[in-house]
Amino acid sequence: MEQPTLDVADLTVRFGGVVALDRVSLRVEANEIHGIIGPNGAGKTTLFNAVCGFLRPQGGTISYRGRALLGTAPHHLARLGIARTLQGLGLWPGLTVLENVVMGSHARPHFLGSLLGMPAADRLERRLRGQALEVLSELGIADIADARPPAVPYGVQKRVIIARALMARPALLLLDEPASGLSSREMDRLHKLVGSLRQRMSVVVVEHHLDFVMAISQRITVLNFGRVIASGTPADIRGNREVSEAYLGQAVTPSEGAAGA
Ligand SMILES: Nc1ncnc2c1ncn2[C@@H]1O[C@H](COP(=O)(O)OP(=O)(O)O)[C@@H](O)[C@H]1O
Ligand SMILES: [Mg+2]
């Protein structure tokens with residue numbers, strides 16, 4: 001069998017007295033969309049931060065395509081093929097959308113050289129701009145390449161941050177709350193987009209919108225108070241009592257009128 005894209009085993013993270021993650025294990029297979037859900041404070045963002053090297057866990061291991069990842073500096077992750085979007089947007093308001101997307105490439109240190117008029121850097125800059133435009137086209141937003149982020153709608157800005165992450169040509173894409181603030185039409189488009197990305201990468205999605213996660217994921221891990229309380233297919237999760245209880249009456253099964261998956 002192919003090795004998993006991401007293999008997290010017994011991961012423990014503490015902040016002082018707070019146990020944010022308590023021996024969390026999960027596997028993300030190649031070409032899998034893996035949803036991570038759980039109430040506020042469950043440890044979802046902490047899990048992403050640990051995978052991305054932003055914090056040092058107290059225990060456990062993280063491996064990426066069979067290679068130990070703990071201790072890898074965040075800026076090396078893009079080179080390895082791991083990209084993430086943050087819960088906020090984090091776009092540079094003074095740069096164009098295209099320039100923001102170019103910044104997602106790990107080749108960008110040379111990009112600065114082009115500002116100094118170095119010919120090789122010039123060629124690289126052209127190549128990266130071309131690549132950024134391709135990604136924007138794939139996401140259906142090439143028309144706003146020259147706009148500045150504050151001038152484009154929020155839902156489109158969320159697409160721009162995905163475009164920026166795709167510049168790293170990731171094998172593992174981590175999306176933190178990609179559907180938050182989107183209209184249901186934008187959520188449908190996001191669903192299609194993530195579905196198409198799956199052909200060339202694994203995607204881990206942290207999300208509050210349960211219906212959305214249930215619809216796009218092959219497998220789901222549920223966290224509560226830093227622990228994995230359930231994992232399995234969307235159907236497994238829907239039928240899980242502990243999950244329903246963790247959400248305290250929040251509908252885990254699709255609500256009336258929601259798109260039936
Ligand atoms: N930098 C930090 N310092 C102290 N406590 C933190 C920090 N980050 C997260 N926590 C705590 O860890 C727990 C998990 O938080 P988080 O991972 O942000 O949850 P989620 O993303 O699921 O809402 C919470 O109790 C939160 O207060
Ligand atoms: Mg969070």
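**Around ligand 1, and a look at Asn240**

In this predicted model, ligand 1 is surrounded by Phe15, Val18, Ala20, Pro39, Asn40, Gly41, Ala42, Gly43, Lys44, Thr45 and Thr46. Sorted by character, this shell comes out as 5 nonpolar, 5 polar and 1 charged residue.

Some of these neighbours pair up with ligand oxygen atoms. For Thr46, a polar side-chain atom sits 2.5 Å from an oxygen atom of ligand 1. With Ala42 and Gly43, it's the backbone that takes part: a polar backbone atom of Ala42 is 3.2 Å from an oxygen atom of the ligand, and for a polar backbone atom of Gly43 the distance to a ligand oxygen is 3.0 Å. As for cover, ligand 1 on its own has 560 Å² of accessible area, and the protein covers 58% of that. Two elements, β2 (18-28) and α1 (44-51), each give two or more residues to the shell. The largest share belongs to α1, with 3 residues.

Next up is Asn240, which turns up in the loop linking α9 (234-238) and α10 (241-246). Is Asn240 buried, exposed or partly exposed? Its relative accessibility is 22%, so Asn240 counts as partly exposed; the buried class is kept for values under 20%. The side chain of Asn240 also has a backbone partner: one of its polar atoms lies 2.9 Å from the backbone nitrogen of Glu242. Looking back along the chain, Ile229 is 11 residues away from Asn240 in sequence, and their C-alpha atoms are 9.4 Å apart in space.

Methods. Residues numbered from 1 in each chain as written. Chains lettered and ligands numbered in written order. Predicted model: local features only at pLDDT ≥ 70, side-chain atom pairs only at ≥ 80, totals over all residues. Heavy atoms only, no water. Near = heavy atom within 4 Å. Polar contact = N/O pair within 3.5 Å; in protein donor to acceptor, adjacent residues only side chain to side chain. Areas by Shrake-Rupley, 256 points an atom, 1.4 Å probe, with all protein chains shown as cover. Helix = DSSP H or I, 4+ residues; strand = E, 2+ residues; numbered from the N terminus. Nonpolar A, V, L, I, M, F, W, Y, C, P; charged D, E, K, R; others polar. Buried < 20%, exposed > 50% of the residue type's maximum accessible area, 1.4 Å probe, protein only.
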